[in-house]
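Trainee: I am new to this structure and would like a close look at a single part. Could you take me slowly through one place where helices pack together, and then set that place within the rest of the chain?

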Amino acid sequence: MSVTAEQVTFVVFAVPLLVTAVMVVTAKSPMYAAMSLVAAFFFLAGIYVLLSAHLIAFMQILVYAGAVMVLFLFVIMLLSLGHEHLEKERQKAMQVLGSIGAIVMVTLIASATQEVAGAEMAVVPLDFGTVKAVGRALFTSYLLPFEATSILLLVAIVGAVVVAKEKI
């Protein structure tokens with residue numbers, strides 16, 4: 001079995017992506033976790049470029065690594081929680097999130113292996129990753145998840161403001 005340049009490039013982006021994703025979960029400081037998440041977004045954008053989805057890679061960096069992470073860092077610095085409060089909340093949150101994450105991961109792996117087992121390679125349309133194709137998919141097939149994500153982000157922002165308001 002020969003190794004292609006695409007496979008090597010994929011490994012170059014995938015391995016650091018996994019390392020930084022693990023660092024997001026295991027970092028003791030929320031700032032280090034957020035910065036690891038920014039690095040993970042950049043490596044994920046590299047994988048999108050490998051898939052010829054340049055628009056999605058650009059949006060990944062612009063929206064997630066830029067705007068969303070700046071918002072996260074702003075909220076982390078605004079809250080400026082003390083260590084004792086962080087440790088108690090962190091332990092409880094890590095236990096709950098770890099359990100949920102393990103269940104979701106096992107479910108996704110089981111689902112993915114069942115789908116991939118007998119599947120043929122999909123034919124990628126010529127306009128894959130273009131602005132027109134992404135816009136059409138976003139506002140037709142994925143309108144409900146798009147709107148649900150918008151509401152989720154709005155609720156997160158309002159929640160952060162309410163939590164921070166007690167300290168101001």
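Mentor: Before any angle is quoted, it helps to know that helix axes are lines fitted to C-alpha atoms over the stretch in contact, and that angles run from 0 to 180 degrees between N-to-C directions. The model is a predicted one, and the part to look at closely is the packing of α2 against α3, where the two helices meet at an angle of about 175° with their axes 8 Å apart. Since angles over 145 degrees count as roughly antiparallel, α2 is therefore roughly antiparallel to α3.

On the side of α2, the contact is made by P30, M31, A34, M35, L37, V38, F41, F42, L44, A45, Y48 and V49, while α3 brings H54, I56, A57, Q60, I61, Y64, A65, M69, F72, L73, I76 and M77. Sorted by class, the residues of this contact are 22 nonpolar and 2 polar, with no charged residue.

The largest nonpolar core of the protein is made up of 6 residues, namely A34, V38, F41, A65, M69 and L73, and the elements that give two or more residues to this core are α2 and α3, the latter covering residues 54–79. If you pick out A34 and leave aside its neighbours within four places in sequence, you will find A34 in contact with M69, L73 and I76.

Q60 deserves a separate look, and this residue is found in helix α3. Its relative accessible area is 5%, and because buried means under 20%, Q60 counts as buried. Not counting residues up to four places away in sequence, Q60 touches F41, L44, A45, Y48 and A65.

Helix α2, which spans residues 30–50, also packs against helix α1, residues 5–26, and here the angle is about 160° with the axes 8 Å apart. This angle makes α1 roughly antiparallel to α2, and the crossing of the two helices is left-handed. From α1 the contact takes E6, T9, F10, F13, A14, P16, L17, T20, M23 and V24, and from α2 it takes A33, S36, L37, A39, A40, F43, L44, G46, I47 and L50. The residues of this contact of α1 with α2 divide into 15 nonpolar, 4 polar and 1 charged.

For a point elsewhere in the chain, turn to R90, which lies in helix α4, residues 83–117. R90 is partly exposed, with a relative accessible area of 22%, and, once neighbours within four places in sequence are left aside, R90 is in contact with V25, T26, A27 and K28. The C-alpha atoms of R90 and F43 are separated by 27 Å, and these two residues are 47 apart along the chain.

To set all this within the whole, the protein has 6 helices and 0 strands, and reading along the sequence gives the pattern α-α-α-α-α-α. Its C-alpha atoms fill a box of roughly 55 × 35 × 25 Å, taken along the principal axes. Of the 168 residues, 15% count as buried, and among contacts between residues at least 6 apart in sequence, 64% join residues at least 24 apart.

Note on methods:
Residues numbered from 1 in each chain as written. Predicted model: local features only at pLDDT ≥ 70, side-chain atom pairs only at ≥ 80, totals over all residues. Heavy atoms only, no water. Helix = DSSP H or I, 4+ residues; strand = E, 2+ residues; numbered from the N terminus. Parallel < 35°, antiparallel > 145°, perpendicular 65-115°, else oblique. Left-handed = near helix turned anticlockwise from the far one by under 90°. Contact = heavy atoms within 4.5 Å. Nonpolar A, V, L, I, M, F, W, Y, C, P; charged D, E, K, R; others polar. Core = buried A, V, L, I, M, F, W, Y, C linked by side-chain atoms within 4.5 Å. Buried < 20%, exposed > 50% of the residue type's maximum accessible area, 1.4 Å probe, protein only.
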